[in-house]
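Colleague: I should like to go through the ligand site and one helix pair. Please set each value against its definition.

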Amino acid sequence: MQHRIVVLGAGYTGAVAAGRLAKRLHREDVAITLVNAEPDFVERVRMHQVATGQDLKPRPFSEMFAGTGVEVRLAQVTGVDVDRKTVAVIDANGAGQLPYDTLVYALGSRWNAQGVPGTAEHAHEIASRPGALRLRERLARLDAGQSVVVVGGGLTGVEAATEIAEARPDLDVALAARDGLGDWLSPKGREHLRKVFGKLGITAYEHAAVTGVEADRVTTADGTAIPAAVTVWTAGFAVHPIAKATALEVTGSGQIVVDGTMRSVSHPDVYAIGDAAMVMGPGDKPLRMSCASGTPTAWQAADAIAARLTGGKLPNVSIRYFNQCISLGRKEGLIQYVTADDRAVQAVLTGRLAAVYKELICKSAAWGVANPTLGLPTRRRRVTWERAAAGSAVKASA
Ligand SMILES: Cc1cc2nc3c(=O)[nH]c(=O)nc-3n(C[C@H](O)[C@H](O)[C@H](O)COP(=O)(O)OP(=O)(O)OC[C@H]3O[C@@H](n4cnc5c(N)ncnc54)[C@H](O)[C@@H]3O)c2cc1C
């Protein structure tokens, strides 16, 4: 008898959860399947680097999970039936069904055109690797002096604009932000961001809500037309519509509502983590979509599943923010220290040291995927079958 755990999505959170489960549970007792659409791990936090022509180290799942007991299944998830406890997939052999006893939903998010006219047709995105590669190819064809407008003044927009301006100083790079540039940062952080924008020659259009995108320009709410041979859209992310199409309780935006152990509040045999989950963080504020807060949700879910299956103590992984690590090209960075609930405090780290720090964070995030217990001892506990059955019993009585 084996308890079937199916993990959907092998991004930062799904891959970590699968690996951690494999280190927590006895191999004879569980079958862990990790389903992902792509054969290798995508370092999503580096997509702006891919867009500017940098090549990342390949990280094939077949190597990362070799010998771990996790079966990696290369397939596109097309649906989940939470009543029949099956996942619909399509792979090279056609359509199929994957039954599960416990499901971990970690399909992440994608870009969000927010219904702005022309965006879907004309804008580029860097939320996915195919999107980043398309932008890379487009940027390579731009001549000196041509314009690039990054829409969105959040972390991704700031990182994309600085990366492009640094890699292509011959281009005319601008950023359009709905609010002021770096409004959420401390005064020192804002000052540093403005300094780097100035050095890199990036024009910041502030309080400029983009209302339309055309092939050669973006238009803002006050009617300003900003020339844009290329528009890069970073204004927000949206979750995949798969969860919303199930009987799971989701938010209006389609994130799965979970409790403190990352378990669905409507279906106890389903867990959701990362961007796909609505998790309340410190100060009763929803966690923002990020690796920084997503990775602890994966630890929490894996440890809670293991505890529930083996009769161990339910974990209470601390999920809080420490800093926002922002790359400003390869040579500059900004580490903004924050409160537990993500509000900027005075302290910042800037310059080359901040760039090195950010690089270490990106490297350790990828390392954490391949080494999911982060130096903790491997403890493979035996499943208690009455407990394994209890999850379904809760559902039946709910
Ligand atoms: C350019 C950029 C820079 C960023 N920088 C930072 C940063 O500096 N710090 C930070 O904390 N966060 C950053 N983020 C956000 C961070 O990348 C996400 O919050 C994080 O990747 C979420 O992890 P996840 O596991 O939920 O989803 P993902 O990492 O997106 O993983 C989802 C996985 O599911 C797979 N998948 C999706 N749909 C299907 C399907 N239908 N079938 C099969 N597989 C599927 C995908 O291929 C992927 O492997 C950045 C994001 C971007 C785009």
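Colleague: What makes the pair of an oxygen atom of the ligand and the side chain of aspartate 275 a polar contact?

Modeller: A polar contact is a pair of N or O atoms within 3.5 Å. The ligand oxygen is 2.8 Å from an N or O atom in the side chain of aspartate 275, so the pair qualifies. This is a predicted model, in which local features need pLDDT of at least 70, side-chain atom pairs count only at pLDDT 80 or more, and totals for chains, interfaces and linings use all residues. Residues are numbered from 1 along each chain as its sequence is written, and side-chain values use heavy atoms, without hydrogens and water.

Colleague: Which backbone atom lies 3.4 Å from an oxygen atom of the ligand?

Modeller: A backbone N or O atom of tyrosine 12 does. A polar backbone atom of alanine 292 is 3.0 Å from a ligand oxygen.

Colleague: How many residues surround the ligand?

Modeller: The ligand is surrounded by 33 residues (a heavy atom within 4 Å). The closest are Thr13, Asn36, Val77, Cys291 and Lys358.

Colleague: Why is α1 called oblique to α9?

Modeller: Their axes, lines fitted to C-alpha atoms over the stretch in contact, come within 7 Å and cross at roughly 40°. Angles under 35 degrees count as roughly parallel, over 145 as roughly antiparallel, 65 to 115 as roughly perpendicular and the rest as oblique; therefore α1 is oblique to α9. Tyr12, Ala15 and Val16 of α1 meet Ala365, Gly368 and Val369 of α9 in this contact (heavy atoms within 4.5 Å).

Terms used:
A polar contact is a pair of N or O atoms within 3.5 Å; within protein, one must be able to donate a hydrogen and the other to accept it, and residues adjacent in sequence count only if both atoms are side-chain atoms. Axes are lines fitted to C-alpha atoms, for helices over the stretch in contact, and angles run from 0 to 180 degrees between N-to-C directions. Helices (H or I, at least four residues) and strands (E, at least two) are DSSP runs, numbered from the N terminus.
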